[in-house]
Amino acid sequence: MDIDRDRFRARYGPWAFIGGASEGIGEAFADLLAAMGLSVFLVARHGEALERTACRLRARHGVAVRWRAIDLASPRMLAELRPELDELDLGLLVCNAAYGAIRPFLHNSFEDLNAHLDLNCRAPLLLARYVAERLQPRGRGGMIIMSSLVGFHGAAMLSTYAATKAFDTVLGESLHHELRSQGIDVLVCVAGATRTPSYLSTAPRYGWLRPSEHEAERVADEALRCLGRKPLHIVGTRNHVTLQLLRVLGRRLASRLMSTSLTRIYRDKA
Ligand SMILES: NC(=O)c1ccc[n+]([C@@H]2O[C@H](COP(=O)([O-])OP(=O)(O)OC[C@H]3O[C@@H](n4cnc5c(N)ncnc54)[C@H](OP(=O)(O)O)[C@@H]3O)[C@@H](O)[C@H]2O)c1
């Protein structure tokens with residue numbers, strides 16, 4: 001399935017906003033969107049990394065690039081971004097940045113728990129509300145909300161991250177059905193293990209059974225190809241099959257298996 005670049009640009013351009021765009025999957029989204037001729041507005045906390053990405057994208061693709069160093073977990077995030085976003089003809093929102101601490105539940109401080117909620121739930125919720133209102137009068141546009149396989153079942157060691165990703169999945173699926181009649185396409189992109197700096201920093205210790213690990217470019221590419229075609233996309237055939245098998249086992253057994261496996265993989269953090 002190829003992307004018709006002109007159609008994509010007409011439907012989701014001219015500007016795309018990418019939250020968490022300086023590395024990993026977010027950077028891959030920025031690269032692919034710029035390659036299709038969209039102008040991109042990049043957001044992350046660290047300005048130097050954003051500036052490097054912005055310079056690279058301008059040089060490689062010749063598109064307009066803006067960036068802003070801001071903490072998307074801040075309660076003032078939308079108020080701070082709004083004046084700049086209001087100026088842009090925004091066609092696409094990518095909610096990508098997330099926080100996920102791998103540790104037993106009781107090892108989280110109250111601040112850690114809030115950090116999950118702030119970045120993984122409040123930020124996509126408020127950005128989706130803002131962008132939907134902007135897109136509604138145009139009658140076209142899109143949103144991609146990044147989620148995770150662990151959002152389908154409870155999982156020890158990742159309880160809070162898993163729960164916030166369940167929120168993202170349900171939010172995106174709901175918005176898909178609610179906004180499609182207004183010309184707004186919403187896709188939940190469910191990734192499994194993806195070789196990004198964030199993921200690699202967790203140093204998983206796999207045994208003989210390794211999950212399939214994807215590159216960030218593949219995740220972003222699949223998401224962009226599926227936008228407008230379905231509510232939810234699971235990246236990679238093996239992840240898809242794994243999820244089907246877990247469904248057949250039922251929630252109780254599935255979450256037990258996920259929990260046992262994560263506790264083993266991250267035994268040094270238990
Ligand atoms: N990698 C995986 O294995 C995997 C698996 C399943 C799902 N996912 C999902 O895919 C998405 C992307 O994952 P990822 O692995 O690429 O890493 P990530 O850590 O979610 O994203 C990294 C990007 O987000 C920015 N960022 C982090 N915290 C931020 C904050 N508070 N405010 C603004 N920007 C922030 C980072 O830059 P700064 O540090 O400069 O802010 C960087 O640009 C996430 O939603 C994740 O849940 C990933």
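A polar contact is a pair of N or O atoms within 3.5 Å. The model discussed here is predicted.

Q: Why does the pair formed by an oxygen atom of the ligand and a polar backbone atom of glutamate 23 count as a polar contact?
A: The two atoms are 3.4 Å apart. The cut-off is 3.5 Å, so the pair counts as a polar contact.

Q: What makes the pair between serine 22 and the ligand a polar contact?
A: A polar side-chain atom of serine 22 lies 2.6 Å from an oxygen atom of the ligand. That value is within 3.5 Å, and therefore the pair qualifies.

Q: Which atom of the ligand pairs with leucine 72, and why is this called a polar contact?
A: A nitrogen atom of the ligand is 2.9 Å from a polar backbone atom of leucine 72. The limit of 3.5 Å is met, so the name applies.

Q: How much of the ligand does the protein bury?
A: The ligand taken alone exposes 870 Å², and 91% of that is buried by the protein.

Q: Which elements give two or more residues to the shell around the ligand?
A: They are α2 (24–35), β5 (141–148), α6 (159–179) and α7 (197–200). β5 gives the most, with 3 residues.

Q: How many residues surround the ligand, and what kinds are they?
A: The ligand is surrounded by 28 residues, with Ser22, Asn96, Tyr161, Thr196 and Ser198 the closest. The shell divides into 13 nonpolar, 11 polar and 4 charged residues.

Q: What makes leucine 42 a residue of the largest nonpolar core?
A: Members of such a core are buried and joined through side-chain atoms within 4.5 Å. Leu42 is among the residues with the most contacts inside this core of 36 residues. Residues that leucine 42 touches include Ile18, Ala21 and Leu50.

Notes. Residues numbered from 1 in each chain as written. Predicted model: local features only at pLDDT ≥ 70, side-chain atom pairs only at ≥ 80, totals over all residues. Heavy atoms only, no water. Near = heavy atom within 4 Å. Polar contact = N/O pair within 3.5 Å; in protein donor to acceptor, adjacent residues only side chain to side chain. Areas by Shrake-Rupley, 256 points an atom, 1.4 Å probe, with all protein chains shown as cover. Helix = DSSP H or I, 4+ residues; strand = E, 2+ residues; numbered from the N terminus. Nonpolar A, V, L, I, M, F, W, Y, C, P; charged D, E, K, R; others polar. Buried < 20%, exposed > 50% of the residue type's maximum accessible area, 1.4 Å probe, protein only. Contact = heavy atoms within 4.5 Å. Lists of a residue's contacts leave out its neighbours within four places in sequence.
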